[in-house]
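Work through the exercises below with the model open. Try each task before reading its solution.

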Amino acid sequence: MISVIIPFVNELDFLEEALTSVLDQTYTDLEIILVCNAPEMIRIDSGKKIFQDQRIRWIHEPRRGSAYARNSGLQTAQGEWLQFLDVDDILMPEKLQTQILNASGDVIVSPILYQFVTGEKKPSSWSMSDIWEGLLASHIGSTSSMLWRAETVSKVKGWKIDFPNNHESELIFRILSDGGMVSYNPSILTIVRERHVGSITKEMAHKPIYGIRLREVIWDYLGKNNMQTSGRLRAFQRFVFKHLRALFISDPEQAIQLHQKYMSGTGFLPELKGIPGYEFLYRTFGFAKTEKLMAVYRKIRRYVPRLLPFHK
């Protein structure tokens, strides 16, 4: 049996759509645990047909945060496998059937299809030639696209409550470092929808230091266990560099220090195809001066949007 755990606060329209995607699964040996993560239990129209399925259970977790909500669901789950489904995500009908038929190891990871608020859809980056490279690069999908063995998640004590984002990467790291195994399914079976407001992921996106710190921990672990390779170094550097650019906006001094620590003297060159000329500027002026030039460019871009292409 698979236990599907869906935390929500008050996003009832998203909840109904997420729940519908579960009820439409071709795999039917399920229990569905809806975790209300609001200070007080939200009133639900229990007369709605969608909430009448006998496999649905409701629990209340007043402590704010997805880790609390997921762990509450984990503690009551009875299934051998777990599907953690964020309320704004959608499972394709064959998602659980496809993954459970090939279930091996402790976590099954798959890519996602990201749907922007504009309706545009884009597949996620996916690199599974090596699990550590994928983990370092954050190219392993998202929480909702994965299937988790319940015994294993419980063994490592579930979701880390004091970890602000990159939750699934942090949990998979603990599972791997505890001797667990990760298997891959390359099928895109999950749609992750962007929200204008209210998404925890969106709220944390402006705090890149947390993703960097996790990769530092992973890289240090690989070093202590003689597992560092050139491919893993590239994955580590590319992830860190991308987030250093975001960090430079709020804390340029820390960004410069981290760049010096992990990039200088290694031959690293950025690969930013969306910004023509960035590599030339980086080679010529270095990281700090290039990012200062990018900041000036962004300011100019606000005043003459029709004359200049937009680059992040």
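**Exercise 1. Which residues of α6 are buried?**

Start with the ground rules. This is a predicted model, in which local features need pLDDT of at least 70, side-chain atom pairs count only at pLDDT 80 or more, and totals for chains, interfaces and linings use all residues. Residues are numbered from 1 along each chain as its sequence is written, and side-chain values use heavy atoms, with hydrogens and water left out.

Step 1. Fix the terms. Buried means under 20% relative accessible area, exposed over 50%, and partly exposed in between (1.4 Å probe, protein chains only). Helices (H or I, at least four residues) and strands (E, at least two) are DSSP runs, numbered from the N terminus.

Step 2. Read off the helix. His167, Glu168, Ser169, Glu170, Leu171, Ile172, Phe173, Arg174, Ile175 and Leu176 are buried.

Step 3. Interpret. Helix α6 spans residues 167-177, and 10 of its 11 residues are buried, so the rest of the structure largely encloses it.

Step 4. Look past the end. Glycine 179 follows α6 and has a positive phi, near 95°.

**Exercise 2. Find where confidence is lowest and where it is highest.**

Step 1. Take the average. pLDDT is the predictor's confidence in each residue, from 0 to 100. The chain averages 90, and 93% of the residues score at least 70.

Step 2. Find the extremes. Helix α7 (residues 200-204) is lowest, at a mean of 43, while strand β4 (residues 81-84) is highest, at 98.

Step 3. Check the weak stretch. Over residues 199-205 the pLDDT is below 50, and beyond near neighbours in sequence this stretch has 10 contacts (heavy atoms within 4.5 Å) in the model.

**Exercise 3. Sort three salt bridges by what they link.**

Step 1. Define and count. A salt bridge puts a side-chain nitrogen of Lys or Arg within 4 Å of a carboxyl oxygen of Asp or Glu. The structure holds 15.

Step 2. Take arginine 232 and aspartate 130, whose side chains meet at 2.8 Å, N to O. Arginine 232 lies in helix α9 (residues 230-250) and aspartate 130 in the loop between β8 and α4, so the pair ties together parts 102 residues apart in sequence. Arginine 232 counts as buried, at 11% relative accessibility.

Step 3. Take arginine 245 and glutamate 291, which meet at 2.6 Å, N to O. This pair links helix α9 to helix α12 (residues 287-303), 46 residues apart. Both residues are buried.

Step 4. Take glutamate 216 and arginine 213, paired at 2.6 Å, N to O. Both lie in helix α8 (residues 209-224), 3 residues apart. Glutamate 216 is buried at 14%, whereas arginine 213 is partly exposed at 35%.
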